[in-house]
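User: I have a model open and want to learn to read its sheets and its pockets. Can you take me through them?

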Amino acid sequence: MTEKLYVVDKEIQRDKSEFVSSDVFREAMSRLSAPVALVTTDGPAGRYGLTVSAICSVSVEPPTVLVCLNRDNRSHAAFLRNGVIGISILEPGHEELAFRFASSKTDQNEKFLGADWVERLGGAPVLANAAVTLVGRIAQTLSSGSHDILVAHIHDIGLQTENTKGLVWFDRAFHHLPAQT
């Protein structure tokens, strides 16, 4: 049997009303498998994009997803002003692109170079060879801590139909999920 290591913030033990430390929380969340997606926008505020793993479905009626964005991210205001969001769910082979979009040192125009982008219904750019693309309008914004939760109603979906594989982020590394047979 494998021994489990429990990390407890000593401050929490004294006062249960306090939060755990951000380092302990980050370590715990690094072990939560998450999809790897590029989130993009285009419009009056310009073309912006970043890599996210905080994304999930909310509702089928209407088709709705949520994406969490740090308010300190330089693209945050553009998403709110443009009001449209493109989501490209990545596959194995897209790791370099994911790192490029995650970098705060890379210029927004450079992020989009060297990949095949298409504008789907709604105007946000999505990656042509992504496993799945979703495009929608931001319907609601909720704030929590350092992030805003963008709730988007989806108006356009693109599904790759052959040999789709998954790319997930777990324990601070990319992992490949095999194609379903």
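Analyst: We take the sheets, then the largest pocket. Keep in mind that this is a predicted model.

User: How are the strands of the seven-strand sheet ordered, and are they parallel or antiparallel?

Analyst: Strands in a sheet pair through backbone hydrogen bonds, parallel or antiparallel. Here the order is β3-β2-β6-β9-β10-β5-β4, an open sheet with antiparallel pairing. β3 and β4 (55-59) are the edges; each has a single partner strand, so one side of each lacks a neighbour in the sheet. From one strand to the next, the twist averages 35 degrees.

User: How many bridges join β4 to β5?

Analyst: Four, and the two strands run antiparallel. Look at Ile-55: it stands opposite Val-67 in β5.

User: Which strands does α4 touch as it packs on this sheet?

Analyst: β2 (37-41) and β3; the direction of α4 makes about 115 degrees with that of β3. α4 also lies across β11 and β12, at about 145 degrees to β12.

User: What is the order of the three-strand sheet?

Analyst: β1-β11-β12, open and antiparallel. β1 and β12 (173-177) are its edge strands. β1 pairs with β11 (residues 166-170) over two bridges. Pro-35 stands opposite Val-168 in β11.

User: What is the volume of the largest pocket, and which residues are closest to its centre?

Analyst: Rolling a water-sized probe over the atoms shows where empty space is left. The largest pocket here has a volume of about 1,300 Å³. Of its 37 lining residues, Thr-51, Val-52, Ser-53, Ala-54 and His-147 are closest to the centre. The lining divides into 18 nonpolar, 15 polar and four charged residues. Elements that each supply at least two of them include α4 (95-102), β3 (48-52) and β10 (147-159).

Key
Residues are numbered from 1 along each chain as its sequence is written. This is a predicted model: local features need pLDDT of at least 70, side-chain atom pairs count only at pLDDT 80 or more; totals for chains, interfaces and linings use all residues. Side-chain values use heavy atoms; hydrogens and water are left out. On a 1 Å grid over the protein atoms alone, a cavity is a set of points where a 1.4 Å probe fits but cannot get out, and a pocket is an open set with protein on both sides within 12 Å along at least five of seven lines; lining residues have an atom within 4 Å of a point. Grid points are joined across faces, edges and corners, and a volume is the space filled by probe spheres set on the points. Ala, Val, Leu, Ile, Met, Phe, Trp, Tyr, Cys and Pro count as nonpolar, Asp, Glu, Lys and Arg as charged, and the others, Gly among them, as polar. Two strands pair if DSSP finds at least two bridges between them. Contact means heavy atoms within 4.5 Å. Axes are lines fitted to C-alpha atoms, for helices over the stretch in contact, and angles run from 0 to 180 degrees between N-to-C directions.
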